[in-house]
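I opened this notebook to record what I looked up in a single protein chain. The entries run from the whole chain to its core and then to one sheet.

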Amino acid sequence: MKKHITITIAAALGTTMLASAAFAQDCKPLHNITTVEAGYLTIAAPTFPPFSIPKGESDLTGVDGEIVKEIAAKECLKIKVAAVEYATAIPFVVSGRADIAIGNYYRTDERQKAVNLSAPLYLDEMGLYSKEGVTTVTQLEGRNVGTVQGYLWVNELKAVLGDKLSLYNNYVALYQDLEAGRIEIAVDGIAVGTAAQQGGALKGIQIKVAEKDERVQSSVYPAQAGLPLSKNNPDLLVAADDVVKELHKSGRMVEILKEFGLSDSAADVGEPRLIK
């Protein structure tokens, strides 16, 4: 009896392996591309929710994570995750250790000198964080406002708000002061705050997309995020762009954004543009 069970299990495993092999043979890639490691799409992935969330050596999630998994599936590739710090993700691509980096990287003129940048994925919309749900730049005037250094809107907000604008080194300190009432309103990207709120932070705080105000161009033309890819692999750029465009066309991009608490409007990227 025991021998019969062993044979049956072995037969079942053999059938499963054959089915997997048949599936692999049936998968036809959309493009003829080469990658850092044959059969794999190697992703430089920092831990930066809700965009990049590594889940081991062969899986990841997050907005960007789900997008690159779509690319891998279309090209019949397995995922290989290189878990990195945020600042080293792009150097991993430049040095040939990864095919793609993820993590809400802005499409900038300076960045494109080092790497290829995919078609726009989504907008990193300017968010206003407050207890009462403010939505306009005008509502910030005369109030204690904070934001993180390095954002595109900092200089323009400084011109509007003057010494009422406090700058922070990171979003953790910004959120702590907002929750403690040391500032009335915070300005940050929508996505980071949404992820923090889903994790239990920012209780009682409303996060709203800033209405357009010509005084702050980031509210009018939010930064477009893209995937950094190696300059030495133009075929991969073509493949990535085709998949990204199809995700927008099919509505799948909106589904991915919603899955991580982001708005439909973030998928309305408009024509490709680079931040100078």
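The entries below follow the order in which I consulted the model.

**Entry 1: the chain as a whole.** I note at the outset that the model is predicted. I counted the secondary structure and found 10 helices and 15 strands in the protein chain. I then looked up the extent of the C-alpha atoms, which fill a box of roughly 80 × 45 × 35 Å along the principal axes. Of the 276 residues in the chain, 47% are buried. I also checked contacts with a separation of 6 or more, and residues 24 or more positions apart account for 69% of them.

**Entry 2: surface and charge.** I obtained an accessible surface of about 13900 Å² for the protein chain, with 54% of it belonging to carbon and sulfur atoms. For the charged side chains I recorded 28 positive and 34 negative. The centres of these two sets lie 4 Å apart.

**Entry 3: the nonpolar cores.** Which residues have the most contacts inside the largest nonpolar core? I found them to be Ile 67 and Leu 157, in a core of 70 residues. Helix H9 (residues 234-250) supplies the largest share of this core, 7 residues. Apart from this core lies another, of 12 residues, including Val 84, Phe 92, Ala 98 and Tyr 105.

**Entry 4: Ile 67.** Leaving aside residues up to four places away in sequence, I listed what Ile 67 touches: Leu 121, Tyr 122, Leu 227, Val 244, Leu 247, Met 253 and Ile 256.

**Entry 5: Leu 157.** I located Leu 157 in helix H5 (residues 154-161). Is Leu 157 buried or exposed? Its relative accessible area is 0%, so I entered Leu 157 as buried. With residues up to four places away in sequence again excluded, Leu 157 touches Met 126, Val 137, Leu 140, Gly 162, Leu 165, Val 187 and Val 216. I looked further at Leu 140, which is 17 residues from Leu 157 in sequence; the C-alpha atoms of the two are 9.4 Å apart in space.

**Entry 6: a sheet of three strands.** I traced an open sheet of 3 strands in the order E6-E14-E8, with antiparallel pairing. Which strands stand at the edges? I identified strand E6 (105-106) and strand E8 (123-124); each has a single partner strand, so one side of each is left without a neighbour in the sheet. E6 pairs with strand E14 (residues 223-226) over 2 bridges, in the antiparallel sense. My last look-up was Tyr 106, which stands opposite Ala 225 in E14.

Technical notes: Residues numbered from 1 in each chain as written. Heavy atoms only, no water. Helix = DSSP H or I, 4+ residues; strand = E, 2+ residues; numbered from the N terminus. Buried < 20%, exposed > 50% of the residue type's maximum accessible area, 1.4 Å probe, protein only. Contact = heavy atoms within 4.5 Å. Areas by Shrake-Rupley, 256 points an atom, 1.4 Å probe, with all protein chains shown as cover. Lys, Arg positive; Asp, Glu negative; His and termini not counted. Charge placed at Lys NZ, Arg CZ, Asp CG, Glu CD. Core = buried A, V, L, I, M, F, W, Y, C linked by side-chain atoms within 4.5 Å. Pairing = 2+ DSSP bridges.
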